[in-house]
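I opened the notebook to record a few lookups in one structure. The topics are the sheet, the rings and the empty spaces.

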Amino acid sequence: MTIGFIGGGNMAGAIIKGLLTAGIYRPGEIFVTDITPERSQECAGRLGVTAADTAQELIDCSDTVVLAVKPGVFPSLLPEIAPLLQRRNPLVLSIAAGKTLGYIEEQLGFAPALVRVMPNINAKVGAAMSAFCANANVTQEQKKLVSRLLRAAGQVQELDEGFFPLFGVIAGSGPAFAYLFIDALARAAVKNGMNKQVALEIAAQTVLGSAKLILESGEHPWSLIDQVCSPGGTTIEGIAALQENGLETAVRKAVDAALEKDQKL
């Protein structure tokens with residue numbers, strides 16, 4: 001079982017690291033190539049995998065091919081590699097934002113076993129939330145393989161492609177929203193005299209633990225909020241201030257604004 005990455009950037013590197021750490025692939029079973037040879041050499045050297053000189057060399061060696069290039073590269077890349085993919089017939093994964101299954105098939109001129117994947121930046125620490133959808137040529141066994149690959153970098157959910165724009169906002173833009181909240185929490189602590197680095201560590205760990213509790217307890221967020229809020233206490237005072245100042249409305253507007261922008265792109 002072999003896998004090749006066309007594109008040696010940050011996301012490809014994060015996924016490769018996850019695959020190696022999970023033991024799904026050995027270093028000799030992973031190949032990477034990039035339009036910039038120095039980048040593929042750097043990625044391969046850092047992770048101990050094999051750098052391929054060309055896309056053809058990589059496809060010839062790979063049972064699964066991951067398209068890990070920026071979306072703007074697709075119009076030139078896909079027609080170039082289409083005959084190679086058609087001859088070799090690997091499972092093809094695309095992590096390019098905004099490029100649908102239909103678009104990729106149209107650019108290739110045929111329909112391979114094709115999966116569209118949307119990971120997020122937290123793959124860098126093995127805590128991604130990824131989604132995937134597949135065309136009709138992907139078997140159930142191949143879907144299981146995709147899930148296994150993506151779980152090496154975090155959690156995964158199969159979604160109807162129609163939900164991908166919304167997923168892109170919640171899971172793709174959402175980390176930036178969470179980072180902003182963490183920073184705001186830390187800066188509020190600094191305002192009250194705490195060292196910034198200490199405050200940032202406390203805020204980040206608090207958010208991490210809170211997310212973990214929601215996922216592992218199965219309890220509704222408001223049930224957990226009620227458990228923290230004592231009658232007449234400090235937490236309910238802070239919750240009331242957040243609501244009065246429009247936190248929930250601001251979050252909804254942020255999601256709507258990002259989704260509206262996605263529809264215009």
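Before counting anything in the sheet, I noted that two strands pair if DSSP finds at least two bridges between them. I also noted that the model is predicted.

**Entry: the sheet.** I looked up how strand 1 (residues 3–6) meets strand 4 (residues 64–67), and found that 4 bridges join them. The count needed is at least two, so these strands pair. They run parallel. For one position along this pair, I noted that Gly4 stands opposite Val65 in strand 4.

I then traced the whole sheet. It is open and has 8 strands, in the order 3-2-1-4-5-6-7-8. The pairing is mixed. Which strands are at the edges? They are strand 3 (50–51) and strand 8 (154–158), and each of them pairs on one side only.

**Entry: a helix on the sheet.** I checked what helix 1 (residues 10–22) lies across, and found strand 1 and strand 2 (30–33). Helix 1 runs at about 165° to strand 1.

**Entry: rings.** I searched for aromatic pairs and the count came to 0. I did find a charge over a ring: the charged end of Lys99 sits over the ring of Tyr103, 4.4 Å from the ring's centre.

**Entry: the cavity.** How many cavities of 30 Å³ or more does the structure hold? I found 1. The largest cavity has about 60 Å³ of space. I listed its lining as Ile3, Phe5, Ile15, Val66, Leu93, Ile95, Val117, Leu149 and Leu150. The elements that give two or more residues to this lining are strand 1 and helix 6 (140–151).

**Entry: a pocket.** I turned to the second largest pocket, which has about 920 Å³ of space. Its lining has 36 residues, and the closest to its centre are Gly7, Ala68, Val69, Lys70 and Pro71. I found at least two lining residues from each of helix 1, helix 3 (55–61), helix 4 (74–88), strand 6 (114–118) and helix 7 (164–191). Helix 7 gives the largest share of the lining, 4 residues.

Terms used
Residues numbered from 1 in each chain as written. Predicted model: local features only at pLDDT ≥ 70, side-chain atom pairs only at ≥ 80, totals over all residues. Heavy atoms only, no water. Contact = heavy atoms within 4.5 Å. Axes fitted to C-alpha atoms, helices over the stretch in contact; angles between N-to-C directions. Phe/Tyr/Trp six-rings, centres within 6.5 Å; stacked < 30°, edge-to-face > 60°. Lys NZ or Arg CZ within 6 Å of the ring centre and 35° of its normal. 1 Å grid on protein atoms, 1.4 Å probe; cavity = no way out; pocket = protein on both sides within 12 Å on 5 of 7 lines; lining within 4 Å. Points joined across faces, edges and corners; volume = space filled by probe spheres on them.
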